[in-house]
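Me: Please take a close look at one part of this model, the sheet, and describe how the strands are arranged and what their side chains do.

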Amino acid sequence: FLRPVSVGTLLRLESVVLYTQGQCIHVEVLARSTKPETRSSVVSTVFHFTFETPSSHSLPLVLPDSIEDARKAMLQMHHNHLQQVCDSRSHSHHPNQ
C-alpha cells in the first residue's frame, strides 16, 4: 500500500479494464481509503491484475476511451512485456524449470 489504511476507515475499490489481448483481461483497481465523517478520501494503492479466460476464443477488443486510460494501458503493456522478457530469461538460465 502507498498509504496506510486505518482500522475503521472504509476502503472503496474502483476498477477499470485497461485493455484486452487474446484471452487476457488487464484490469486496474484503485483503492481509496475514505473517512465518512470528514468526507475525504485518498488513494491508498493501485493494483494491476491480469485474468485469463478458460475459453480458446479471443475476447472482444477493449480500447481506452480517454488519453489518461490510454497512458495507463500503454504503461501496463510495457510492464507486461518486460515481465515476459525477464521470465523467459530466467527460464533459459534454469533448464529444469
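Reply: In this predicted model, three strands form an open sheet in the order E1-E2-E3, and the pairing is antiparallel. E1 and E3 stand at the edges with a single partner strand each, so one side of each has no neighbour in the sheet. From one strand to the next, the twist averages 20°.

The pairing can be taken one strand pair at a time. E1 covers residues 10-21. E1 and E2, the latter spanning residues 24-35, are antiparallel and share 11 bridges. Two positions give the register: Tyr-19 has His-26 in E2 as its bridge partner, and Leu-13 is bridged to Ala-31 in E2. The hairpin that joins E1 and E2 has two residues between the strands, and Gly-22 in this hairpin takes a positive phi near 60°.

On the other side of the pairing scheme, E2 and E3 (residues 40-52) are antiparallel over 12 bridges. Leu-30 has Val-46 in E3 as its bridge partner. The hairpin of E2 and E3 has four residues between the strands, and here Arg-39 is the residue with a positive phi, near 55°.

Next come the charged side chains. A salt bridge joins Arg-12 and Glu-14, with the closest N and O atoms 2.8 Å apart. Glu-14 also meets the side chain of Arg-32 in a salt bridge, at 3.1 Å from N to O. This second pair links distant parts of the chain, since Arg-32 is in strand E2 and Glu-14 is in strand E1, 18 residues apart. In terms of accessibility, Arg-12 is partly exposed at 40%. Glu-14 has a relative accessible area of 30% and is therefore partly exposed. Arg-32, at 21%, is partly exposed as well, because the buried class is under 20%. Side chains of opposite charge can pair when their charged atoms come close.

For the model as a whole, the count of salt bridges comes to four. One of them lies outside the sheet: the side chains of Glu-68 and Arg-71 meet at 2.7 Å, N to O. Both residues belong to helix H1 (residues 67-93) and sit three residues apart, about one turn of the helix. Glu-68 is partly exposed, with a relative accessible area of 38%, and Arg-71 is partly exposed at 43%. Back in the sheet, salt bridges with shared partners join Arg-12, Glu-14 and Arg-32 into one network.

Two threonines in the sheet can be set beside these charged residues. Thr-34 is located in strand E2. Its relative accessibility is 16%, so Thr-34 counts as buried, the limit being under 20%. Apart from neighbours within four places in sequence, Thr-34 is in contact with Thr-9, Leu-10, Arg-12, Ser-40 and Ser-41. Arg-12, one of these contacts, is also a member of the salt-bridge network. Thr-34 and Val-5 are separated by 29 residues in sequence, and their C-alpha atoms are 9.0 Å apart in space.

The second threonine, Thr-45, lies in strand E3. Thr-45 is buried because its relative accessibility is 9%, with the limit at under 20%. When neighbours within four places in sequence are left aside, the contacts of Thr-45 are Phe-1, Leu-2, Val-29, Leu-30 and Ala-31. Among these contacts is Leu-30, the residue with Val-46 as bridge partner in E3. Ala-31 is another of them, and Ala-31 is the bridge partner of Leu-13.

The last feature is a nonpolar patch on the surface. Phe-1, Val-5, Leu-11 and Leu-13 make this patch, with an area of about 390 Å². Leu-11, one of the four, is placed in strand E1. Leu-11 is partly exposed because its relative accessible area is 41%, which is between the limits of 20% and 50%. The patch ties in with residues already described: Phe-1, one of its members, is in contact with Thr-45, and Leu-13, also a member, is bridged to Ala-31 in E2.

How values were computed: Residues are numbered from 1 along each chain as its sequence is written. This is a predicted model: local features need pLDDT of at least 70, side-chain atom pairs count only at pLDDT 80 or more; totals for chains, interfaces and linings use all residues. Side-chain values use heavy atoms; hydrogens and water are left out. Patches are made of residues with over 30% relative accessible area and no salt bridge: like charges are joined within 9 Å, nonpolar side chains (Val, Leu, Ile, Met, Phe, Trp, Tyr) within 5 Å. Accessible areas come from the Shrake-Rupley method with a 1.4 Å probe; for residues, only the protein chains shown count as cover. Buried means under 20% relative accessible area, exposed over 50%, partly exposed in between (1.4 Å probe, protein chains only). Two strands pair if DSSP finds at least two bridges between them. Contact means heavy atoms within 4.5 Å. Axes are lines fitted to C-alpha atoms, for helices over the stretch in contact, and angles run from 0 to 180 degrees between N-to-C directions.
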